[in-house]
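This briefing goes through one protein model by topic: charged pairs, a sheet, and the helices that lie on the sheet. Please keep the sequence and the 3D view at hand while reading.

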Amino acid sequence: MSLTTATATTAGQRKPIRIWVDGCYDVMHHGHFNALRQAKAMGDIVVAGVHSDAELLLHKGPTVMNENERMAAVAACKWVDEVVPNAPYSTSLEWMDKYNCDYCVHGDDPSTLADGTDSYKYVKAQGRYLECKRTKGVSTTDLVNRMLLMTTLQQQEQDQGQGDRAVGDIDGGRTNSSRPEQQQQQQKKQQQHEVLSTARKISIFSRGNRDLQKGDRVIYVDGTFDLLHVGHIEFLKRAKARGDYLVVGVYDDATVRAIKGSAHHPLMSMHERVLALLACRHVDDVVLSAPYHLTEHVLDGDYTIHEVVRGSHHPHRQPRTTTTDQETNVENDPYQLAKERGIFVQLDEPAHEVTTRSIIHRIVKQRTMYEDRQRKRALKEAAAAAAVTVSAKPLEQ
């Protein structure tokens with residue numbers, strides 16, 4: 001069954017191809033967004049089904065983000081047209097037909113139920129399954145491991161008297177430099193999940209973003225945007241509503257480490273954070289390695305910035321230098337130039353309860369549970385990979 005014949009009408013006009021893409025979408029990252037992007041390229045309308053917390057607890061284990069937070073993150077993706085809650089973990093033809101979907105799309109990584117059977121066996125049997133390429137180097141499991149490692153190293157620093165803040169204050173405050181062996185361990189782990197920055201990836205994720213139009217009111221925001229979450233999304237949505245075109249400045253990794261006063265930040269590299277932002281429907285363009293202190297080049301460069309917006313989630317905090325980062329000027333308010341021009345706005349809306357710090361706190365609070373989940377997932381993924389390898393081997397003659 002081809003995509004053309006499946007969607008033909010009696011009038012000879014092709015009806016839109018509706019693609020079903022279900023998933024957990026826990027701690028959304030550029031791998032999730034890339035799968036949704038590929039699904040969009042296979043059809044016209046992407047319907048994203050989000051599994052419930054109860055369904056995931058049965059088949060995969062506890063989630064980091066609850067179902068409402070996960071749905072909000074999926075809805076913010078520019079390649080998603082519709083979001084459906086309570087999608088079954090075992091994709092059924094009846095469920096796809098309920099939402100008039102022609103095909104189901106999933107990555108080339110195995111997905112199994114609690115009993116070990118294929119989650120997509122029913123749609124595969126009917127020829128309505130399409131496969132996209134899984135993004136290498138990132139997964140929710142990987143991100144949870146990064147959070148576990150970061151908090152472990154911070155605990156070690158506290159226990160050894162090397163830090164001057166508790167692990168509980170993991171998103172702010174000041175620390176001394178890590179011991180050399182700890183820095184080497186962190187650097188090794190960072191290299192393992194490092195995503196290569198390529199113009200092609202950024203170009204692909206930028207496609208479909210609207211061009212600046214004459215008369216557009218340009219809004220600028222900046223920040224770290226680590227672990228893009230519903231708190232970030234709500235802020236970006238509010239900022240975009242103040243104008244027509246939203247430009248997001250993203251700090252590079254060295255700047256983030258200086259701001260946080262910790263060698264263990266950010267959890268995601270600048271390239272990973274940029275890709276996630278480019279997938280957000282509220283973002284029109286991104287400035288890579290944005291300066292911490294606003295300059296005339298930012299405000300009057302490629303864009304004429306009409307308003308600089310700051311979120312209400314925390315007060316302004318000056319960056320602190322470490323032995324591994326370049327010296328950072330901490331004397332001036334980074335928004336001073338915007339304030340002098342009268343274009344700076346601090347949002348008055350209540351801060352969203354979800355922050356990068358609160359997400360990490362969830363991991364810390366139930367560390368044993370998440371460590372157990374990670375072990376089970378690793379065993380399950382290894383067994384699934386082994387099964388694929390065995391089935392791919394040619395039969396002996």
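A residue is called buried when its relative accessible area is under 20%, exposed when it is over 50%, and partly exposed in between. The model is predicted. It holds 17 salt bridges, and an open sheet of 5 strands.

**Salt bridge D97–R128**

- The side chains of D97 and R128 form a salt bridge, with 2.9 Å from N to O.
- D97 belongs to helix 5 (residues 93–98), while R128 is in the loop between helix 6 (121–125) and strand 5 (129–132), so the pair ties together parts that are 31 residues apart in sequence.
- R128 has a relative accessibility of 14%, and it counts as buried because the cut-off is under 20%.
- D97 is partly exposed, at 42% relative accessible area.

**Salt bridge E307–R217**

- Between E307 and R217 there is a salt bridge whose closest N and O atoms are 2.8 Å apart.
- This pair links distant parts of the chain, 90 residues apart: E307 is in strand 9 (residues 307–310), and R217 is in the loop between helix 9 (199–206) and strand 6 (218–223).
- Is E307 buried or exposed? E307 is buried, with a relative accessible area of 7%.
- R217 is partly exposed, at 32%.

**Salt bridge R273–D253**

- R273 and D253 meet in a salt bridge, and their closest N and O atoms are 2.7 Å apart.
- R273 sits in helix 12 (residues 270–278) and D253 in helix 11 (residues 253–260), so the salt bridge ties together parts that are 20 residues apart in sequence.
- R273 is buried, with 1% relative accessibility, whereas D253 is partly exposed, with a relative accessible area of 23%.

**A network of charges**

- Side chains of opposite charge can pair when their charged atoms come close.
- Three residues, D142, R146 and E272, are linked in a network of salt bridges.

**The open sheet**

- In which order do the 5 strands of the open sheet stand? The order is 3-2-1-4-5, and the pairing is parallel.
- Strand 3 (82–84) and strand 5 are at the edges with a single partner strand each, so one side of each has no neighbour in the sheet.
- On average, neighbouring strands of this sheet are turned by 30° against each other, direction ignored.
- Strand 1 (residues 18–23) and strand 4 run parallel and are joined by 2 bridges.
- W20 stands opposite C104 in strand 4.

**Helices on the sheet**

- Helix 2 (residues 30–41) packs on the sheet and touches strand 1, strand 2 (45–50), strand 4 and strand 5.
- The direction of helix 2 makes about 140° with that of strand 2.
- Helix 4 (residues 67–75) lies across strand 2 and strand 3, and runs at about 165° to strand 2.

**H106 in strand 4**

- H106 is located in strand 4 (residues 103–107).
- H106 counts as buried, at 14% relative accessibility.
- Which residues is H106 in contact with, leaving aside its neighbours within four places in sequence? They are S111, Y120, Y129, L130, E131 and C132.
- Among these contacts of H106 are Y129 and C132, and strand 5 covers residues 129–132.

How values were computed. Residues are numbered from 1 along each chain as its sequence is written. This is a predicted model: local features need pLDDT of at least 70, side-chain atom pairs count only at pLDDT 80 or more; totals for chains, interfaces and linings use all residues. Side-chain values use heavy atoms; hydrogens and water are left out. A salt bridge is a side-chain nitrogen of Lys or Arg within 4 Å of a carboxyl oxygen of Asp or Glu. Helices (H or I, at least four residues) and strands (E, at least two) are DSSP runs, numbered from the N terminus. Buried means under 20% relative accessible area, exposed over 50%, partly exposed in between (1.4 Å probe, protein chains only). Contact means heavy atoms within 4.5 Å. Two strands pair if DSSP finds at least two bridges between them. Axes are lines fitted to C-alpha atoms, for helices over the stretch in contact, and angles run from 0 to 180 degrees between N-to-C directions.
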